[in-house]
Amino acid sequence: MSPLVAVADLIRDRSARLGDEVRLDPLALLGERAAIAGLRRRGDTSCGGATRLVRAADGWVAVSLARPSDVELLPAWLGVDAATDVADTAADADGAETAAGTATWSRVAAEIGRHAAAGVAERAWLLGLPVAVLPTGPVTHPTAPAPLAPLPLKATSLGGPASGPASLAGTTVVDLSSLWAGPLCGNVLRLAGARVVKVESTRRPDGSRRGPSEFFHLLNGGKHGVALNLTSPDGWSTLRRLVTRADVVIEGSRPRALEQAGLDAARVVAAGGPRVWLSITGHGRTGPARDRVAFGDDAAVSGGLVAADDHGPCFCADAIADPTTGLVAAAAALDALAAGGRWLLDVSLAGVASYLAGPVLLPASPPGALEPAAPHARPVTATGPRLGEHNGPVLGSLGDG
């Protein structure tokens, strides 16, 4: 995990240069949700219980059945009807309960075992299911160009001032993301001195609000909260004004979602909008996988970031692609601000996982070895905003323009 230590060192250096120095223990951060929610490693079942590694005829497939809609699509995907059994109620990576029970998983595993992994996955992607194939060899990942640090991301320079801000004081970050990776990035930027505005949909607030409140507060404490009705033209108009006046935008939407609403990131930045637009996706903003759904566990498998035991591959930590991507995204945003100019940064969960993947990890300690330390979380120092808590002052500051 030495690359992750280098990411934390970059965060420390750039935050000290721009504002308040942020010192993080990157390995401890990986277990924060597990510590708060009481989760543990479960081999080929994810810590949260919603995702499983299933053996196909020629390899392994990670299948997430976190949402009721995922289970409803099983007949169309595999010709498998969901069994009426008791679902596993452990929280998954987005705070929802696992939607499938033991009998359903048995039927899914039996059917996948009859087919090649690639074919099974391709049919799943057509239906919008979060499914990943475990690669059999090293996976390549993009690398940011100079003058940025060589982090695992794509970066597009869009002109702008040659020098960055002298300080994060007065810098506004508009955080449109939810769940874990994006909010962690926003959390780090707030600790470094930026003002962070968390923007949510009134119809679909951040799913982590449904999970342990301590985890929500840990990632979102001290942020300003804005809630918009994104089913109305007025809501989208307000959102456009917010992002064009921000210094940094963090978002975790699939690219076409914002494009269909008339928010083209590259155009907004090039037209004098944010200095940094940070896009966090499952598989990147471009290419055939740009609109594939992904969560932290299946994206980690897609990048080859797994452990192994005597029975095969295992999940090595709780939704590991989420916190690692949040750290890489924070380092990238701070680095781009320090470098100057305007940037479109494309950070993917699977790309970060492939950056960190290396020799297979063994999850079980040998006899007589010391047990690994239990996960722990940073103390909560501020509460997260109530939904729309700061609509008045934040939206009032936009004026009528």
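**Exercise 1. Work out the strand order of the open sheet of 7 strands, and which strands stand at the edges.**

Solution. Step one: reading across the open sheet, the order is 4-12-9-8-5-6-7, and the pairing is mixed. Strands here are DSSP E runs of at least two residues, numbered from the N terminus, and two of them pair if DSSP finds at least two bridges between them. Step two: strand 4 (154-157) and strand 7 (224-228) each have a single partner strand, so they stand at the edges with one side lacking a neighbour in the sheet.

A note on the model: it is predicted, so local features need pLDDT of at least 70 and side-chain atom pairs pLDDT 80 or more, while totals for chains, interfaces and linings use all residues. Residues are numbered from 1 along each chain as its sequence is written, and side-chain values use heavy atoms, without hydrogens and water.

**Exercise 2. Find how strand 5 and strand 6 are joined.**

Solution. Strand 5 (residues 172-175) and strand 6 (residues 195-201) run parallel, joined by 4 bridges. For one partner pair, look at valine 174, whose bridge partner in strand 6 is valine 197.

**Exercise 3. Where do the buried residues of helix 1 lie around its axis?**

Solution. Step one: list the buried residues (under 20% relative accessible area, 1.4 Å probe, protein chains only). In helix 1 they are Leu4, Val7, Ala8, Leu10, Ile11, Arg14, Ser15 and Leu18. Step two: they cover an arc of only 155° around the axis, taken from the directions to the C-beta atoms, which puts them on the same side of helix 1. Step three: their cover includes helix 2 (26-29), helix 8 (181-191), helix 14 (321-339) and helix 15 (349-356).

Key. Buried < 20%, exposed > 50% of the residue type's maximum accessible area, 1.4 Å probe, protein only. Contact = heavy atoms within 4.5 Å.
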